[in-house]
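Could you walk me through how the helices pack here and what surrounds the ligands? Let's take it piece by piece.

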Amino acid sequence: MYDVNSKCADDFINHEEILETLAYADENKENAELIDSIIEKAKKRKGLTHREASVLLACPIEEKNQEIYKLAEQIKKDFYGNRIVMFAPLYLSNYCINGCTYCPYHAKNKHIPRKQLSQDEIRREVIALQDMGHKRLALEAGEDPVRNTMDYYLESIQTIYSIKHKNGAIRRVNINIAATTVDNYRLLKEAGIGTYILFQETYHKESYLELHPTGPKHDYNYHTEAMDRAMEGGIDDVGLGVLFGLDKYRYEFAGLLMHAEHLEAAFGVGPHTISVPRLKHADDINPEEFDNGIDDETFLKIIACIRIAVPYTGMIISTRENKSCRERALHLGISQISGGSRTSVGGYYEPEPEEESSEQFDVSDNRTLDEVVRWLMQMDYIPSFCTACYREGRTGDRFMSLCKSGQIQNCCHPNALMTLKEYLMDYASPETKAIGDKLIDKEVLNVPNEKVRKVVLENLRLIEQDNRRDFRF
Ligand code: SF4
Ligand code: SF4
């Protein structure tokens, strides 16, 4: 039975509830009166239930859809301004004992090169990432209890935080690793991770079992209840995501929002981020073999509907998507993007030879971080390398209450400008720097509080003239 508070995945992601939600959405998808009332509710910026958001997602009325897009853009602006947080993935290991049918790291793939970075290799990769300008990493690894042990992760996190090369530093390490125990989550928290990310892949249990035929990941309930254990272990920033293309997108959408509602109900904190990956070509994976692929229009509508359903949750898009799709997605709700990414194990320090590729998926956006930063600024976005909340202990409900009250903006905007300035000074090409300096001059005037503006101006001067770093509000 559906129970948002239950600790059992079958109850909080209840199959019958999703089917009823989809039937309700189908019945009402052209009910203009109801749709208007849902849009009105969304305008209050307090979010929507999975049923309400599912009606909007199903709605085929063009005029209403335009209203949904407009509102998503407005909410994006209200909560995130024109800032876009930058990050990069770092693959630690592609050893994996699972049988996921959509990922080339599945255990039966005998030809893909298997690698696990040593601490020295991590050091080299991190220095290369710092030299690009990154401050925020998402660690990725397959599931292999013998090779990819918790001790290995803890040591790797320690290594990463300890590297100070020139003016570089990784200031926030997020981690995307297999579902684990409360005790292990506690250890990750103590090691100083930012967000624990785990994609559900699909919320449809029957499909899930087929798509994960072997390995520990086959256990749907253990996987789906991982965020509960993470929160019990003290990690209060968790990142959800589904892999669009595995099952029917409307089912996944409802499941995703139900998962968010469950975390909010059970722990008082919704997800910190939601990622929206789409199935892509990779080594022995052909996305054509999966029936549920979605086109760009559907993908963008999903993003807009998530934006208005959970306005306070960051949304992430990776280099799986190409430049033009990323551009449209940014307007509709994305708040974090990766840039200059490598999806292979290693590859930042020294690109892998093509015939030895250990990539998890093909990257569609191959631009360098400098090019991505410049592109964002040319569209008047502020690329932000800010990690202040995590470092000031503003996580979980502290972060959420600031965010929900809109107060976060008093920190985000100045922090974005100061971290962008650091990037421009240390890593940008002359062309990017010129565009960025102009943008900062203009944007600093938009810091509303005069006192804060003065401090920001002084800090910008110190970054430029005194080589000082790491200012934050
Ligand atoms: S998706 Fe993750 S668990 Fe599955 S095969 Fe790939 S790396 Fe392993
Ligand atoms: S101040 Fe906090 S919420 Fe704002 S960009 Fe920085 S880390 Fe993110």
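At what angle do helix α18 and helix α19 pack, and how far apart are their axes? Helix α18 (residues 409–426) and helix α19 (residues 430–444) pack at an angle of about 160 degrees, with axes 10 Å apart. Helices here are DSSP runs of H or I with at least four residues, and strands are E runs of at least two, numbered from the N terminus. Axes are lines fitted to C-alpha atoms, for helices over the stretch in contact, and angles run from 0 to 180 degrees between N-to-C directions. So α18 and α19 are roughly antiparallel to each other (over 145 degrees; under 35 counts as roughly parallel, 65 to 115 as roughly perpendicular and the rest as oblique).

Before going on, a word on what you're looking at: this is a predicted model, where local features need pLDDT of at least 70 and side-chain atom pairs count only at pLDDT 80 or more, while totals for chains, interfaces and linings use all residues. Residues are numbered from 1 along each chain as its sequence is written, with chains lettered from A and ligands numbered from 1 in the order in which they are written.

Back to the helix pair. On the α18 side, Leu417, Leu420, Lys421 and Leu424 meet Lys433, Gly436, Asp437, Ile440, Glu443 and Val444 of α19 (contact means C-beta atoms, placed from the backbone, within 7 Å). That contact has 5 nonpolar, 1 polar and 4 charged residues; Ala, Val, Leu, Ile, Met, Phe, Trp, Tyr, Cys and Pro count as nonpolar, Asp, Glu, Lys and Arg as charged, and the others, Gly among them, as polar. The spacing on the α18 side fits a general point: an α-helix has 3.6 residues a turn, so residues three or four places apart point the same way.Helix α18 has another partner. Its axis and that of helix α20 (residues 450–465) come within 10 Å and cross at roughly 10 degrees, which makes α18 roughly parallel to α20. Here Pro414, Leu417, Met418, Lys421, Glu422 and Met425 of α18 touch Val452, Val456, Asn459, Leu460, Ile463 and Glu464 of α20. By class, that's 8 nonpolar, 1 polar and 3 charged residues.

α18 also turns up around ligand 2. The shell there is Val85, Ser384, Cys386, Thr387, Ala388, Cys389, Ile408, Cys411, Cys412 and Asn415 (a residue is near a molecule if its C-beta atom, placed from the backbone, lies within 6 Å of it). Two elements, α16 (388–391) and α18, give two or more residues to this shell, and α18 gives the most, with 3. The shell has 7 nonpolar and 3 polar residues, and no charged ones.

Now look at ligand 1. Around it sit Cys96, Asn98, Cys100, Cys103, Tyr105, His106, Gly142, Glu143 and Lys217. Here the split is 4 nonpolar, 3 polar and 2 charged.

For another helix pair, try helix α4 (residues 50–58) and helix α13 (residues 296–309), whose axes come within 10 Å and cross at roughly 150 degrees. α4 and α13 are therefore roughly antiparallel to each other. Ala53, Leu56 and Leu57 in α4 meet Lys301, Ile302, Cys305 and Ala309 in α13, a contact with 6 nonpolar, no polar and 1 charged residues.

Notes: Two residues are in contact if their C-beta atoms, placed from the backbone, lie within 7 Å.
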